[in-house]
Amino acid sequence: MTIRHAGNVRRRVALLTGIVAVAGLLTGSPAAAQMEVTCSVNAAGTRVCAAPLAAQGRYPLHEIFHADGTKVGEIFVARRPGASVYVEHWVMYPGYEYPDRIRPAAVQRYGGEQDFLDHVPFGPGYRYVRWDVVERGTIPGRSRSDLGG
């Protein structure tokens with residue numbers, strides 16, 4: 001293997017790790033589904049972490065894009081599967097305008113909530129917002145009979 005192919009090997013290992021974890025979930029193997037998060041730095045100097053989606057609580061990292069396609073922020077959703085109480089950490093880059101497009105990040109490059117807070121880009125003109133979320137099945141002040149149906 002040459003140095004040139006090392007990045008491809010890392011990507012394949014990360015993909016294989018995710019596939020094994022999902023297969024572990026589907027077959028009921030908790031050991032396979034709970035593999036550790038592994039992180040490395042790619043040739044461009046970007047920190048990349050790979051972990052099974054189940055260990056990450058689905059897609060915790062989301063990216064915010066302006067209508068012209070420019071990335072203008074990142075969101076980390078610290079939520080356990082099925083939880084109705086969780087935290088969202090938003091880092092908005094200069095140029096962020098509401099509403100922009102939000103979508104799950106193609107690469108889940110943080111190993112967890114603290115890793116995101118320690119390594120997400122942040123500089124002059126950036127803004128940080130913490131959302132403490134409580135999801136409910138009703139709107140305050142309405143009874144369940146108001147739901148219709």
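Start by selecting E4 and E5: the two strands form a hairpin with 6 residues between them, and glycine 82 in the turn has a positive phi of about 85 degrees. Keep in mind throughout that this is a predicted model.

**Stop 1: the strands around E4**

With the hairpin still selected, look at the pairing. E4 and E5 run antiparallel and are joined over 6 bridges. Pick isoleucine 75, and across from this residue, in E5, stands tryptophan 90.

Now add E3, residues 61-65. E3 pairs with E4 in the antiparallel sense through 5 bridges. Histidine 62 has isoleucine 75 as its bridge partner in E4. E3 and E4 also make a hairpin, here with 5 residues between the strands.

Is E4 largely enclosed or not? Of its 8 residues, 6 are buried, so the strand is largely enclosed by the rest of the structure.

**Stop 2: glycine 69**

Move to the loop between E3 and E4 and select glycine 69. In this turn, glycine 69 has a positive phi of about 95 degrees. Its relative accessibility is 39%, so glycine 69 counts as partly exposed. Add arginine 101 to the selection: the two residues are 32 apart in sequence, and their C-alpha atoms are 8.9 Å apart.

**Stop 3: the nonpolar cores**

Select Ile64, Val72, Ile75, Val77, Tyr86, Trp90, Met92, Tyr96 and Val133; these 9 residues make up the largest nonpolar core. Strands E4 and E5 each supply at least two residues of this core. Another core, of 8 residues, lies apart from it and includes Tyr93, Ala105, Phe116 and Val120. In soluble globular proteins, nonpolar side chains tend to be buried together.

Return to tyrosine 96 in the largest core. Beyond four places away in sequence, tyrosine 96 touches Ile64, Val72, Trp90 and Arg127.

**Stop 4: glutamate 88**

Next, select glutamate 88 in strand E5, residues 85-92. Which side chain of opposite charge is nearest to glutamate 88? The nearest is arginine 79, at 6.8 Å, and glutamate 88 is buried yet has no salt bridge. The side chain of glutamate 88 does make a polar contact with that of tryptophan 90, at 2.9 Å. Show the surroundings as well: leaving out residues up to four places away in sequence, glutamate 88 touches Ile75, Phe76, Val77, Val129, Arg130, Trp131 and Val133.

**Stop 5: the salt bridges**

The structure holds 6 salt bridges. Side chains of opposite charge can pair when their charged atoms come close.

Select arginine 109 and glutamate 63, whose side chains meet in a salt bridge of 3.2 Å, N to O. This pair links distant parts of the chain, 46 residues apart: arginine 109 is in the loop between strand E6 and helix H4, and glutamate 63 is in strand E3. Are arginine 109 and glutamate 63 buried or exposed? Both arginine 109 and glutamate 63 are buried. Add Lys71 and Glu74 to the selection, and you have a network of salt bridges linking Glu63, Lys71, Glu74 and Arg109.

Go back to arginine 79 and add glutamate 135: the two form a salt bridge, with the closest N and O atoms 3.1 Å apart. This pair, too, links distant parts of the chain, since arginine 79 is in the loop between E4 and E5 and glutamate 135 is in the segment after E7, 56 residues apart. Arginine 79 is partly exposed, with a relative accessible area of 27%. Glutamate 135 is also partly exposed, at 37%.

**Stop 6: aspartate 132**

Finish in strand E7, residues 127-134, and select aspartate 132. With 55% relative accessibility, aspartate 132 counts as exposed. The side chains of aspartate 132 and arginine 130 meet in a salt bridge of 2.9 Å, N to O. Arginine 130 is partly exposed, with a relative accessible area of 45%.

What does aspartate 132 contact, leaving aside neighbours within four places in sequence? The contacts are with Tyr86 and Val87. As a last selection, take valine 85: valine 85 and aspartate 132 are 47 residues apart in sequence but 7.6 Å apart in space, C-alpha to C-alpha.

Conventions. Residues numbered from 1 in each chain as written. Predicted model: local features only at pLDDT ≥ 70, side-chain atom pairs only at ≥ 80, totals over all residues. Heavy atoms only, no water. Helix = DSSP H or I, 4+ residues; strand = E, 2+ residues; numbered from the N terminus. Buried < 20%, exposed > 50% of the residue type's maximum accessible area, 1.4 Å probe, protein only. Contact = heavy atoms within 4.5 Å. Lys, Arg positive; Asp, Glu negative; His and termini not counted. Salt bridge = Lys/Arg side-chain N within 4 Å of Asp/Glu carboxyl O. Polar contact = N/O pair within 3.5 Å; in protein donor to acceptor, adjacent residues only side chain to side chain. Core = buried A, V, L, I, M, F, W, Y, C linked by side-chain atoms within 4.5 Å. Pairing = 2+ DSSP bridges.
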